[in-house]
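I opened my notebook to jot down what I looked up in this model. The entries follow the order in which I checked things.

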Amino acid sequence: LDDWQEEVKAYEGDILLCTGRRVGKTEVLAQKAVDAMVKKKQNVIVVSITEDQSQIIIQVATDYAYRKYEKFIGKGRDKPKLKELVVAGQKMQARPVGTTGDACRGFTGGILIVDEAARMPTRFWMAAKPIILTTGGSIWMASTPFGKKGYFWKKFDEAYNQKEPK
């Protein structure tokens with residue numbers, strides 16, 4: 001991993017990655033999530049606009065789990081699937097968001113990974129925040145920029161543009 005990815009893996013709390021394409025944000029979030037499943041016993045919900053996009057993180061996480069935690073990977077009905085990975089008894093699930101965000105309602109996790117967060121509809125954020133509300137979990141957002149609008153932009157603006165210089 002690059003230095004910035006190691007920094008992300010070591011960081012505790014909410015994460016916002018605003019980067020270009022193909023820099024390794026999926027890889028670092030997938031690895032960090034699998035580590036949290038094993039070490040912190042946290043379930044993970046992965047969302048993106050389409051199911052295919054959210055499944056990419058599951059695939060990357062599965063590859064990492066086989067490299068680092070093979071003996072903890074679920075077997076039988078818990079064996080890895082496109083939409084689900086079970087490691088150390090914890091579940092990582094892929095969910096599409098669609099145009100409204102309602103598809104993520106009813107799920108609970110310690111970590112909510114939001115892929116292409118800048119493109120998420122406003123209603124999604126209302127539906128998604130309860131995923132981590134009862135667990136006191138974290139939101140990990142990753143996206144390429146998509147204009148100066150929406151929840152992702154607001155949080156990026158607060159964290160990066162409006163922070164006081166050191």
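**Entry 1: helix H3**

I began with the buried residues of H3, and they pack against helix H1 (3-10), helix H2 (25-39), S2, S3, S4 and S5. Note to self: this is a predicted model. Which residues of H3 are buried? I listed Ser54, Gln55, Ile57, Ile58, Val60, Ala61, Thr62, Tyr64 and Ala65. I jotted down a reminder that an α-helix has 3.6 residues a turn, so residues three or four places apart point the same way.

Next I checked the span of H3. At 1.5 Å a residue, its 18 residues should cover 26 Å, and the end C-alpha atoms are 26 Å apart, so the two agree. The cut-off I kept in mind for "buried" is under 20% relative accessible area.

**Entry 2: the sheet**

In what order do the six strands of the open sheet come? I wrote down S1-S6-S5-S2-S4-S3, with mixed pairing. S1 and strand S3 (84-87) are at the edges with a single partner strand each, so each has one side without a neighbour in the sheet. On average, neighbouring strands here are turned by 10 degrees against each other, direction ignored.

Then I went through some of the pairs. Strand S2 (residues 44-48) pairs with S5 in the parallel sense, over four bridges. In that pair, Val47 stands opposite Val114 in S5. Back to H3 (residues 51-68): this helix packs on the sheet and touches S2, S3, S4 and S5, and its direction makes about 155 degrees with that of S4. Helix H6 (residues 150-161) packs on the sheet too, touching S1 and S6, and its direction makes about 100 degrees with that of S1.

**Entry 3: strand S6**

S6 got its own page. Why do I call strand S6 (residues 138-143) largely enclosed by the rest of the structure? Six of its six residues are buried, so that is how I read it. Ser138, Trp140 and Ala142 point one way from S6, while Ile139, Met141 and Ser143 point the other way, and all are buried.

Who pairs with S6? Strand S1 (residues 15-18) runs parallel to S6, joined by four bridges. Strand S5 (residues 111-115) also pairs with S6 in the parallel sense, over five bridges. I looked up Met141 in S6 and found Leu16 opposite this residue, and Val114 stands opposite Met141 as well.

**Entry 4: the cores**

I reminded myself that in soluble globular proteins, nonpolar side chains tend to be buried together. How many residues does the largest nonpolar core have? I noted 30, and those with the most contacts inside this core are Leu29, Val34, Val44, Leu85, Val87, Met92 and Ile113. The elements giving two or more residues to this core are S1, H2, S2, H3, S3, S4, S5 and S6. H2 gives the most, with eight residues.

I picked out Leu85 for a closer look. Leaving out residues up to four places away in sequence, Leu85 touches Val34, Met37, Ile58, Ala61, Thr62, Ala65, Pro80, Gln90, Lys91 and Met92. Apart from that core lies another one, of 19 residues, and Val47, Val114, Ala127 and Ile132 are among them.

**Entry 5: single residues**

Gln93 came next, and this residue lies in strand S4 (residues 90-96). Is Gln93 buried or exposed? Its relative accessible area is 19%, so Gln93 is buried, given that the cut-off is under 20%. Not counting residues up to four places away in sequence, Gln93 touches Val44, Ile45, Val46, Ile58, Lys83, Glu84 and Phe107.

I also looked up two residues with positive phi that are not glycine. Arg22 has phi near 60 degrees and is found in the loop between S1 and H2. Arg22 has 85% relative accessibility, so this residue counts as exposed. Ala88 has a phi of about 55 degrees and lies in the loop between S3 and S4. At 16% relative accessibility, Ala88 counts as buried.

Last was Thr122, found in helix H4 (residues 122-128). Thr122 counts as exposed, at 62% relative accessibility. Its C-alpha atom is separated by 8.1 Å from that of Gly101, and the two residues are 21 residues apart along the chain.

Technical notes: Residues numbered from 1 in each chain as written. Predicted model: local features only at pLDDT ≥ 70, side-chain atom pairs only at ≥ 80, totals over all residues. Heavy atoms only, no water. Buried < 20%, exposed > 50% of the residue type's maximum accessible area, 1.4 Å probe, protein only. Pairing = 2+ DSSP bridges. Contact = heavy atoms within 4.5 Å. Axes fitted to C-alpha atoms, helices over the stretch in contact; angles between N-to-C directions. Expected span 1.5 Å × (residues − 1). Core = buried A, V, L, I, M, F, W, Y, C linked by side-chain atoms within 4.5 Å.
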